[in-house]
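Please work through the exercises below with the structure open beside you, and try each task before you read its solution.

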Amino acid sequence: MNGWLDIVERLNDLLKGLVFTGRNQESIDTDQAFQLWSGWASEVREREKTVYLIGNGASASMASHFAADLAKNGHLHTQVFSDIEFAEIYAEPLRRRGKKGDLLVAISSSGGSPNILRAVAVARQLGLHVVTLSGFKSDNPLRREGDLNAYVSANTYGEAETSHAAVLHCWMDMVEVK
């Protein structure tokens, strides 16, 4: 078992190694990626569009948490889905509600959840900006689907989820209305 400082050092290494890529897998500087993502959120606020956040398990809790924070602190209209058949839990509401100019943030530790991938495909068809957060395998399918893809080389759910929470908090702090 690793001690606390070993775990903190591992998380530090993961966050330092955060990689952003674009739709064509081109590498994007981390600071530029956060600026781009924050710009999309600002456009959503200005145009009175919606930020959708999706995830399974702990990522669903994270999606709910950040939807509340973005609404309260970022003055953004947000929505989280959880009331439909599991395979279509995110895709079906997006088909009905998603509009061009909206923003989808898709969180998946593995990057391989079929329901998340379905929702991303729908979002792309509707013209939403798509930001993905994933971990585990560097060639996971979700990492190829967003306009902006945040990847951490996490080996466990705890590492991925903690890293994703840090990434989302950084973004939240950038879009907060003071």
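The exercises that follow concern a predicted model, and each task is followed by a solution in steps.

**Exercise 1. Salt bridges**

Task: Find how many salt bridges the structure holds, and which residues are linked in a network of salt bridges.

Solution: Begin with the total, which is 8 salt bridges in the structure. Next, recall the general principle that side chains of opposite charge can pair when their charged atoms come close. Glu88 and Arg95 give one such pair, their side chains meeting in a salt bridge at 2.8 Å, N to O. When you turn to accessibility, Glu88 is partly exposed with a relative accessible area of 21%, and Arg95 also counts as partly exposed, at 41%. A further pair is made by Arg96 and Glu92, whose side chains meet at 3.4 Å, N to O. These two residues are 4 apart in helix α4, so about one helical turn separates them. Arg96 has a relative accessible area of 46% and is partly exposed, while Glu92, with 25%, is partly exposed as well. Finally, put the pairs into their setting: Glu88, Glu92, Arg95, Arg96 and Arg118 are linked in a network of salt bridges.

**Exercise 2. A pair that links distant parts of the chain**

Task: Describe the salt bridge of Asp147 and Arg124, and decide for each residue whether it is buried or partly exposed.

Solution: Start from the distance, since the side chains of Asp147 and Arg124 meet in a salt bridge at 3.1 Å, N to O. This pair links distant parts of the chain, with Asp147 in the loop between β6 and β7, Arg124 in helix α5, and their positions 23 residues apart. For the last step you need the cut-off that buried means under 20% relative accessible area. Asp147 has 19% and is therefore buried, whereas Arg124, with 24%, is partly exposed.

**Exercise 3. A buried charge**

Task: Locate Asp102, and find which side chain of opposite charge is nearest to Asp102.

Solution: First place Asp102 in the loop between α4 (91-97) and β5 (103-108). Asp102 is buried yet has no salt bridge, and the nearest side chain of opposite charge, that of Lys49, is 5.1 Å away. A salt bridge requires the nitrogen and the oxygen to be within 4 Å. Then look for other polar atoms: the backbone nitrogen of Lys99 lies 2.8 Å from a polar atom of the Asp102 side chain. Leaving aside residues up to four places away in sequence, Asp102 touches several residues, including Val44, Thr50, Tyr52 and His129.

**Exercise 4. Two valines in helices**

Task: State for Val8 and Val120 which helix holds each residue, and whether each is buried or partly exposed.

Solution: Take Val8 as the starting point, which has its place in helix α1 (residues 4-16). Val8 is partly exposed, with a relative accessible area of 34%. Together with Trp4, Leu5 and Ile7, Val8 forms a nonpolar patch on the surface, and the accessible area of the four together is about 450 Å². Now move to Val120 in helix α5 (residues 114-126). Val120 counts as buried, at 1% relative accessibility. To see its surroundings, set aside residues up to four places away in sequence; Val120 then touches Leu104, Ala106, Val130, Leu142 and Glu145.

Definitions and conventions:
Residues numbered from 1 in each chain as written. Predicted model: local features only at pLDDT ≥ 70, side-chain atom pairs only at ≥ 80, totals over all residues. Heavy atoms only, no water. Patch = residues over 30% accessible without salt bridge, like charges linked within 9 Å, V, L, I, M, F, W, Y side chains within 5 Å. Areas by Shrake-Rupley, 256 points an atom, 1.4 Å probe, with all protein chains shown as cover. Buried < 20%, exposed > 50% of the residue type's maximum accessible area, 1.4 Å probe, protein only. Contact = heavy atoms within 4.5 Å. Lys, Arg positive; Asp, Glu negative; His and termini not counted. Polar contact = N/O pair within 3.5 Å; in protein donor to acceptor, adjacent residues only side chain to side chain.
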